[in-house]
Amino acid sequence: MRQNISFRHQIMMYFIAAVAITLDQYTKYVVRNELTYGETVVVHPVLRNIFDLTYTTNTGASFGILQNGSAVLTSIAIVVLGAIVYLNWTVPAEHLWLRAALGIQMGGVAGNLFDRLRFGMVTDFLHVHYWPIFNVADSCITVGTIIMIIIMFREMRGDSKSRNVESMV
């Protein structure tokens, strides 16, 4: 019975990744087909100086590092995807939030990898002013990482509380 539960939990990560990939690829498809390169669309007049959609591409990583480094970034993405698959099969079934974070990250990494393999670059379009333009995949990687950091801090806090209780005994 435990193996079935574990399998269901492992599949959950792939389902989350598939949703993230679908959302990422669909939004990039719409941007590539509805906007011209460099075009900016104001989402709402109130947000004019805060957030808009700007179609651009990126051959590097976040914040413009490793420009023209698609081969290196493709290799890194493949290694990261392999690590996520491995972690998914080794994490105990009850670690649902960790699986969710891994699924979100997997979707983000795979979404940008698909762009690199198909186009040699990544489509970016979400423009929060005073921040580099990014995409849904970048957001997934960031959100997944934030969830993992929260999990780590909660685990560390729990471990220190249990150590304090043990030292009192």
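This tour moves through a predicted model one selection at a time.

**The whole chain**

Begin with the protein chain in a cartoon view. Four helices and three strands make up its secondary structure, and from the N terminus on they follow the order α-β-β-α-α-β-α. The chain has 169 residues, of which 37% count as buried. Among contacts with a separation of 6 or more, 67% are between residues 24 or more positions apart.

**Helix α2**

Next, select residues 70-90, which form helix α2. The end C-alpha atoms of α2 are 30 Å apart, and this agrees with the 30 Å that its 21 residues should span at 1.5 Å a residue. Now show the side chains of S70, L73, T74, A77, L81, I84 and N88, which are buried. Viewed down the axis of α2, the buried residues fall within an arc of 100°, so they line one face of the helix. Turn then to the other side of α2, where A71, V79 and Y86 are exposed.

**Helix α3**

Move on to residues 96-119, helix α3. This helix has 24 residues and reaches 34 Å from its first C-alpha to its last, close to the 34 Å expected at 1.5 Å a residue. Of these 24 residues, 17 are buried, so α3 is largely enclosed by the rest of the structure. Just beyond the helix, select G120, which follows α3 and has a positive phi, near 80°.

**The second largest pocket**

Select H95, L96, W97, L98, I147, I150, I151, R154 and E155 to display the lining of the second largest pocket. Its volume is about 210 Å³. Which helices each supply at least two residues of this lining? They are α3 and α4. The largest share, five residues, comes from α4.

**Strand β3 and the loop after it**

Strand β3 covers residues 122-128, and H127 is found in it. The relative accessibility of H127 is 18%; because buried means under 20%, H127 counts as buried. To see its surroundings, select I50, F51, D52, T54 and I133, the residues that H127 touches when those up to four places away in sequence are not counted.

Continue into the loop between β3 and α4 (136-168), where Y130 has its place. Is Y130 buried or exposed? It is exposed, with a relative accessible area of 82%. A backbone check is also worth making here: Y130 has a positive phi of about 70°, although it is not a glycine.

**The aromatic pair**

For the last stop, show the rings of Y37 and Y55. The count of aromatic pairs in the model comes to one. In this pair, Y37 and Y55 are arranged edge-to-face, at 5.5 Å centre to centre and with 70° between the planes. The pair links distant parts of the chain: Y37 lies in the loop between α1 (2-34) and β1 (40-42), while Y55 belongs to strand β2 (residues 51-58), and the two are 18 residues apart. Colouring by accessibility separates the two partners. Y37 counts as exposed at 53% relative accessibility, whereas Y55 is buried, with a relative accessible area of 11%.

Definitions and conventions. Residues numbered from 1 in each chain as written. Heavy atoms only, no water. Buried < 20%, exposed > 50% of the residue type's maximum accessible area, 1.4 Å probe, protein only. Contact = heavy atoms within 4.5 Å. Expected span 1.5 Å × (residues − 1). Arc of directions from axis to C-beta. Phe/Tyr/Trp six-rings, centres within 6.5 Å; stacked < 30°, edge-to-face > 60°. 1 Å grid on protein atoms, 1.4 Å probe; cavity = no way out; pocket = protein on both sides within 12 Å on 5 of 7 lines; lining within 4 Å. Points joined across faces, edges and corners; volume = space filled by probe spheres on them.
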